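Biologist: Please take a close look at one part of this model, the place where the two chains meet, and set it in the context of the chain around it.

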Amino acid sequence: MGAGTGRGVMFSGVMATAWVTATLVAVVAGVVGFHVVVRGATFAAHAVPMSAFAGAAGAAVLGVSAIAGLGVVSPLAALGVAWLGRRRRTDVASALVIVVMLGLGALFLSWTAEYSSQVYALLFGELLGVSTQELAATAGLAVLAVAAAAVLHRPLLLTAVLPDVADGRGVSVLAADLWFLLLVAVVTTMAVPVVGTLLMFSLMVGPPAAARAVARSPRATIAASVAIALVTVWSAIALSYVTDWPVGFFVGILGAAWYLAGRAAAALAARRRPGARRQPAALAA
Amino acid sequence: MSGFFASGPVHTAVVAGAVVAVVSGVVGVFTVIRGQSFSGHALGDLGTLGGSGAFLAGVNPFFGYVTVGAAVAATMDLFGVQHRRGRDVATGIVLGAALGLAALLLYFDTTTSTTTGATITILFGSLFAVSPGTLPVMIGLGVVGLVLVAVLYRPLLLSSVSAELAAARGVRVRTVGLVFLVLVGVVVSLSAVAVGTILSTALLVGPAAAALRLTRRPLTAVVVASVLGLVATWGGVVLSYASATWPPSHTGWPVSFFVVTLVLALYLGAELVGWARARAGA
């Protein structure tokens, strides 16, 4: 919310941290979001950030960095999603667990001095959500996530698109799912302080969904996804700075706008070449 | 505990909790049977937009929930959104946009009014914060909901179990579906008053799903779900009242936290009973 830093310093001081953080967040969200869309793992993209709310709230009670709390709870939430998914009980049980995690977060924050503003910041994001001290941790996580995504690129893609072939080649689908969820946990840890729990989904899914409509190969799709995510967070930060309105508002609206634009582009392309159905991006490898 | 029954907010909380528990129990059973849990969840999240808008307009958020809940439910039914279930990018993106907009309205709420805590009231609710003036409206809507379910009971149940069979018997399946989903919208708004918009799914779906683990007979399930809902809301009120002396804050733990935790505990308990029965039967 209110930066209160004046108009002339949009790119200096604490704002510099905001820009660097947002850039890192966008790159990782763009890359991991591609795998979310290819795997159709929208539930994980929704459940992990929601559950992680309790971790960030717990960190606020203990007086430690939100990134520390998120870093502990997000992987646990990711493992929980993997476990519930294997038991095929994702409906009522998981909905209730998510709700209780949110309730637990509210409980923790009710113990802190600035209950209302803390809740708001963690749910809808904050322009200055990451402090300069936390920048190193965010950068470390970003490098880790991008490196992991690069190494895991082929197995992740193979298990998502052709699970039978992956099985035949000795690539474990379960292991790939777990690695993927841990990547979602890393994005959550980095991004929740900036865009908030409720709007992580928009950032992680909007840009790659649009990118798939315009790009062919997986690599080109990832590049487009990162580019769109960058434009999203940069615009969100700039607009938030100028208007003083919440970052989450711009992320949510832009995420939806990208998605709609992607759908429109895909529909237009399909109309231009009747009969020639577009191959899924992942298959064109 | 001596002050418990003398306290005004407690009275209101107990009555509001009862209304919400009973109506949610009844409508929740059909929601679970029809596989519309996700629609209920989406309606709750979208209620955030209505609540924050109403707050900004200086109206009680409850009216925002109801208006948006009913309107969105009708739209959802017209576009057949409920058939797509939870795993859908489009639904998530729409929810994201709505929540983003709600974030903006909440931001205006906190900057334009002197009353703080709009975010907490709308998203996490509190039975203790229900204004006595809202109570008659809640009871009225609750009674209307129960009467509707009673009138529609047979066709609703038939079309929930088998749409083809219902259609063959002359039930207007589309109309019943539309009325029911609007009803879900209204019930979710009642539940949002009790535990907030993003926790409202818990009361709609939790006790009902637990009841359906315990019994297969719809009428029994409706009664059991209402009772379990009562245990959760009243238990939440009592625990929250008692927690005023608990560490670390000594200001009381949020009632919504207790309610949703009790709902989860009851659901897990029912799962356990169902599992034990299945083992004993096998």
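**The contact between the chains**

Modeller: Read from the N terminus, chain A runs α-α-α-α-α-α-α-α-α-α-α. That is 11 helices and zero strands, in a model that is predicted. Of its 285 residues, 55% count as buried. Among contacts in chain A with a separation of 6 or more, 77% join residues 24 or more positions apart.

Now the contact itself. On the chain A side 42 residues take part, and they touch 42 residues of chain B. Five helices of chain A each supply at least two residues to that side: helix 2 (42–62), helix 4 (92–110), helix 5 (115–124), helix 9 (200–214) and helix 11 (247–272). Helix 4 of chain A gives the most, with 12 residues. By class, the side of chain A that touches chain B has 30 nonpolar residues, 11 polar and one charged.

Helix 4 of chain A packs against helix 11 (residues 255–281) of chain B, at an angle of about 150 degrees and with the axes 9 Å apart. Angles over 145 degrees count as roughly antiparallel, so helix 4 of chain A is roughly antiparallel to helix 11 of chain B. The crossing of these two helices is left-handed. From helix 4 of chain A the residues that make the contact include A:Val92, A:Leu96, A:Val100 and A:Leu107, and from helix 11 of chain B they include B:Phe257, B:Val260, B:Val263 and B:Tyr267. The contact of helix 4 of chain A with helix 11 of chain B holds 13 nonpolar residues, three polar and no charged ones.

B:Val263 also appears in the largest nonpolar core, which has 200 residues. B:Val263 is among the residues with the most contacts inside that core, together with A:Val28, A:Val32, A:Val184 and A:Val187. Leaving aside neighbours within four places in sequence, A:Val187 is in contact with A:Val28, A:Ala29, A:Val32, A:Ala145 and A:Met204.

Two of the helices that supply the chain A side, helix 9 and helix 11, also pack against each other, at about 20 degrees and with axes 8 Å apart. Angles under 35 degrees count as roughly parallel, and therefore helix 9 of chain A and helix 11 of chain A are roughly parallel to each other. Their crossing is left-handed. Among the residues that meet here are A:Leu203, A:Gly206 and A:Arg212 of helix 9 of chain A, and A:Gly255, A:Trp258 and A:Arg263 of helix 11 of chain A. By class this contact has 13 nonpolar, five polar and two charged residues.

Terms used:
Residues numbered from 1 in each chain as written. Chains lettered and ligands numbered in written order. Predicted model: local features only at pLDDT ≥ 70, side-chain atom pairs only at ≥ 80, totals over all residues. Core = buried A, V, L, I, M, F, W, Y, C linked by C-beta atoms within 7 Å. Buried ≥ 20, exposed ≤ 12 C-beta atoms within 10 Å, placed from the backbone. Contact = placed C-beta atoms within 7 Å. Helix = DSSP H or I, 4+ residues; strand = E, 2+ residues; numbered from the N terminus. Nonpolar A, V, L, I, M, F, W, Y, C, P; charged D, E, K, R; others polar. Axes fitted to C-alpha atoms, helices over the stretch in contact; angles between N-to-C directions. Parallel < 35°, antiparallel > 145°, perpendicular 65-115°, else oblique. Left-handed = near helix turned anticlockwise from the far one by under 90°.
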